[in-house]
Structures are given as structure tokens and as C-alpha cells.
Amino acid sequence: MSTELLSSPKRVRFVELGAKALRALADGDLAGGSAEAGVALDEHFVCERARWIFGYRADQLAKDPSAAPWITRAAVSEPDGVVVGDAGFHGPPDEAGVVEVGYTVVPGYRRQGYARAMLAALLDRAAAEPGVTTVRATIGADNSASLATIAGFGFTRVGEKGNERDGLAFVFEVQADASRRAE
């Protein structure tokens with residue numbers, strides 16, 4: 001028997017990244033984005049890929065302010081209050097009740113259980129929403145960490161897609177009301 005202490009499951013809460021915070025981050029303004037969000041965001045929030053994503057989400061909100069409750073939020077570790085990543089849905093449920101999850105863990109906090117905590121919280125949120133029937137996750141075929149993260153949450157691979165920019169990705173889905181959630 002191992003004498004190592006088992007780490008307890010991680011817990012996160014989400015902090016909204018409103019339109020002003022998203023635009024500041026897209027512009028590379030970490031201090032402004034942090035001030036708007038009310039939490040100290042990590043440098044990872046202004047890396048090239050994050051800036052593109054946050055710009056896309058800011059544009060999405062400009063076109064459809066009703067998407068605000070669904071999209072990207074900062075993920076804050078509890079109880080220590082450190083921002084460990086971002087997570088949310090790509091938007092409100094579509095006509096069929098499908099929402100797609102997305103999550104990113106700040107590099108210094110990876111492989112510690114935060115992605116699982118974020119995904120569990122997103123799945124709980126989806127299950128609580130009457131209009132949501134299905135949760136989708138699209139994961140790069142080479143993203144072994146994210147593929148491992150969804151294991152145990154009941155996702156089934158339903159397809160694949162790809163393009164030159166992102167490469168091959170697998171598409172997974174789970175029913176929003178699935179009763180079994182990994183801890």
C-alpha cells in the first residue's frame with residue numbers, strides 16, 4: 001500500500017468574463033482584463049491563442065448579448081482563490097438542445113485535477129438547464145490530456161472533424177441528464 005497521501009478532488013468556481021474583460025484580454029491588456037473580471041488573471045490569458053478566443057467571444061457577445069451566461073469564464077480554485085484556467089460553453093443551446101463545452105487549464109496547474117473539476121461543474125450546469133439535452137466536446141486527436149479528462153463522464157465518440165489550422169479532432173457527446181458524474 002502506498003504511503004502517499006491521496007489528493008482531494010479539486011473544486012472551482014466560475015467568474016464571469018464580461019464583454020469589457022474579454023475585449024481587454026483580446027487586446028493583450030492583462031491588467032485591464034483582470035480589473036474588469038475582479039480576479040488576478042494569469043499571463044496565459046493573453047497568449048496568442050487565448051487572445052484569439054477571447055476576441056471571438058467578445059464579438060459573439062456584441063452580436064448576441066444573451067450568450068453571456070453561457071460563454072467563457074475564469075475558473076478559480078477553491079478555497080485558495082487562484083485563477084487556474086477558463087471554461088464555459090461555446091454559446092447557448094442550439095435548437096436541438098446541444099451545448100458544447102470548452103476548458104483550458106493554465107500550464108502551471110495542469111495535471112492536478114482542475115480540468116476534471118471544470119468539466120464536472122459545466123456538466124452540472126448543463127444538467128440543471130431545462131433546454132439542454134446534450135453536451136458536446138470536440139477534442140484534438142493529439143490532446144491526450146483532454147481525452148483522459150472526459151473519461152469517466154459518460155461521453156461517447158460520435159464523429160470527427162478537422163481542418164488545416166486545428167488538425168483532426170474527435171467529437172464526443174453525453175446526455176445532459178446523465179446521472180453519473182466523475183468526481
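This report walks through a predicted model of one protein chain, from its overall fold to a few single residues.

**Overall fold**

The protein chain holds five helices and seven strands. Read along the sequence, they follow the pattern β-α-α-α-β-β-β-α-β-α-β-β. The C-alpha trace spans about 45 × 45 × 35 Å along its principal axes. A compact globule with 183 residues would have a radius of gyration near 16 Å. The protein chain has 16 Å, so the value agrees with that of a compact globule.

How many of the 183 residues count as buried? The share is 43%. Contacts also reach along the sequence. Among those between residues at least 6 apart in sequence, 56% join residues at least 24 apart.

**Elements discussed here**

| Element | Residues |
|---|---|
| Strand β2 | 73–78 |
| Helix α4 | 114–128 |
| Strand β6 | 156–163 |
| Strand β7 | 167–175 |

**The β6–β7 hairpin**

Strands β6 and β7 pair in the antiparallel sense. Seven bridges link them. Together they form a hairpin, with three residues between the two strands. N163 stands opposite G167 in β7.

**R73 in strand β2**

R73 is found in strand β2. This residue is buried, yet it has no salt bridge. Why is there none? The nearest side chain of opposite charge belongs to E16, 4.5 Å away. A salt bridge needs a side-chain nitrogen of Lys or Arg within 4 Å of a carboxyl oxygen of Asp or Glu, so the pair R73 and E16 does not qualify.

The side chain of R73 does reach the backbone oxygen of A68, at 3.3 Å. Leaving aside neighbours within four places in sequence, R73 is in contact with F14, V15, E16 and L17. The list continues with A68, G85, D86 and A87. A68 and E16 therefore each appear among the contacts of R73.

**Y114 in helix α4**

Y114 has its place in helix α4. Is Y114 buried or exposed? Its relative accessible area is 5%, so Y114 is buried. The cut-off for buried is under 20%.

Which residues does Y114 touch, not counting those up to four places away in sequence? They are K10, V12, S77, V84, V105 and Y109. One of them, S77, lies within the residue range 73–78 of strand β2. T104 offers another view of this region. Y114 and T104 are ten residues apart along the chain, and their C-alpha atoms are separated by 9.3 Å.

Methods
Residues are numbered from 1 along each chain as its sequence is written. This is a predicted model: local features need pLDDT of at least 70, side-chain atom pairs count only at pLDDT 80 or more; totals for chains, interfaces and linings use all residues. Side-chain values use heavy atoms; hydrogens and water are left out. Helices (H or I, at least four residues) and strands (E, at least two) are DSSP runs, numbered from the N terminus. Buried means under 20% relative accessible area, exposed over 50%, partly exposed in between (1.4 Å probe, protein chains only). Lys and Arg count as positive and Asp and Glu as negative; His and the chain ends are not counted. A polar contact is a pair of N or O atoms within 3.5 Å; within protein, one must be able to donate a hydrogen and the other to accept it, and residues adjacent in sequence count only if both atoms are side-chain atoms. Contact means heavy atoms within 4.5 Å. Two strands pair if DSSP finds at least two bridges between them. The radius of gyration is taken over C-alpha atoms; the globule rule is 2.2 Å times the number of residues to the power 0.38.
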